[in-house]
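Here are some comments for a colleague who is about to look through this entry. Please read the numbered points alongside the sequence and the coordinates.

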Amino acid sequence: MGLSTGSPTLSDPTQPSATPDFLQHDRPPVPDIVVPRGLQPFHLQDQPVRGRLIQLGLLADALLNRHANHPAVTRLAGQAMALAAGLAGALKFRGSFSIQAKGDGPVRMLLADCTEGGALRGYAMADKDALAALLETSPEPTDAELLGTGYLAFTCDQGGDMERYQGIVAIEGDTLAEMTDHYFRTSEQLRTHVRLACARTPAGWRASAFIMEKVAGEGGIDPMLDAEAQEEAWRTALALARTLTDAELLNDTLPARELLHRLFHAEGLMLDRPRALSYGCRCSRARLSGVLQGFGEDDLDHMAQADGAITMTCEFCNLDFRFDRAEIRGGG
């Protein structure tokens, strides 16, 4: 990658250069995409209902096209990223919030995370042979068939000396949305409604999430609403939310404000400040170099190719970083 004629050439951070690796924190050549209103929080005035609507727009296409996965796997990865953005948007934290699913199905690893600033990334790793076998018997596999038996983990990592919170639950349900509902119902005792959508549209891959929660009957809720009235308000909101379709969620011409107005205009809809979402792979040459230095010399020799190079692939952005073995000094 270069500038205009006569300007100094910018180095490619994926390749060895004269600059020491530990100084190379430059972002690799990945899309620079920000969706200004990617996450729209809302609540219903004086009612025990709050939620978030996430529309990744063209960000979904940029993230999902980094990997040449089968559409069923891509769809699952897109749902996970929209879900991660939606759940992170409910928290006050500094660091990253992640969703990880690990099972014995064809998709051996599903991971998505989002920072407090809305930087989003994710990937799904599938066993090709196991996936091919599943597709022969189930051409349109469910999320549960793709993941198999295993666990779903939600982690808030604030780094440093801050406590790392993690909730883990067995995979239960046919869809990732049902698995998430199961987690909140059993681990957090929180009533939720989650709808996830991801599909390839004429404009490219799109992904969206709708997350709604019944909050405790205190603070911001009409004191005249007794327990029965609060329950009725939740049931009404739930009935309206269930009218949402994937087509609506993935429609670029239907902004979150308008979609939420369609649903809840008669229920005291209050829109909170929208938040931006962005392409958020955080890999760098310096970071990967630090990982390599944790290996022993024998391991590094084993990793080296015939030309003396070690190649590390970022699973998120799917870029290969090449290192000169002679420049890497192992840890122990």
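1. What should the 15 residues of helix α6 (residues 227-241) span at 1.5 Å a residue, and how far apart are its end C-alpha atoms? The model is a predicted one, and in it the expected span of α6 is 21 Å, which agrees with the 21 Å that separates the end C-alpha atoms of the helix.

2. The buried residues of α6 are Q230, A233, W234, A237, L238 and A241. Because these residues cover an arc of only 135° around the axis, they are placed on the same side of α6. As a general background to such a pattern, an α-helix has 3.6 residues a turn, so residues three or four places apart point the same way.

3. As to what this buried set packs against, the partners are four strands, β1 (34-44), β2 (49-55), β8 (192-201) and β9 (204-214), together with the helix α8 (256-264).

4. The largest nonpolar core has 75 residues, and those with the most contacts inside it are L56, L110 and L120. Helix α2 (residues 71-88) gives the largest share of this core, namely 12 residues. Apart from it lies another core, of 21 residues, which includes F42, A241, L249 and F264; A241 is also one of the buried residues of α6.

5. L120 deserves a separate look. Leaving aside its neighbours within four places in sequence, L120 is in contact with L56, L59, L63, M81, A84, A85, D113, C114, S278, Y279, G280 and C281.

6. On the cysteines, a search of the whole structure finds zero disulfides. C114 is in no disulfide, and the nearest cysteine sulfur, that of C156, is 11 Å away; with a relative accessible area of 2%, C114 is buried. Why is C198 without a bond to the closest cysteine sulfur? The sulfur of C198 is 16 Å from that atom, which belongs to C114, and this is too far for a bond, given that a disulfide requires the two sulfur atoms to be within 2.5 Å. C198 is likewise buried, with a relative accessible area of 8%.

7. Is H67, which is found in the loop between α1 (58-64) and α2, buried or exposed? At 15% relative accessibility H67 counts as buried, because the cut-off for that class is under 20%. Not counting residues up to four places away in sequence, H67 touches G122, Y123, E315, F316 and N318.

Methods. Residues are numbered from 1 along each chain as its sequence is written. This is a predicted model: local features need pLDDT of at least 70, side-chain atom pairs count only at pLDDT 80 or more; totals for chains, interfaces and linings use all residues. Side-chain values use heavy atoms; hydrogens and water are left out. Helices (H or I, at least four residues) and strands (E, at least two) are DSSP runs, numbered from the N terminus. The expected span of a helix is 1.5 Å times one less than its number of residues. Buried means under 20% relative accessible area, exposed over 50%, partly exposed in between (1.4 Å probe, protein chains only). The arc is that of the directions from the helix axis to the C-beta atoms. Contact means heavy atoms within 4.5 Å. A nonpolar core is a set of buried Ala, Val, Leu, Ile, Met, Phe, Trp, Tyr and Cys residues joined through side-chain atoms within 4.5 Å.
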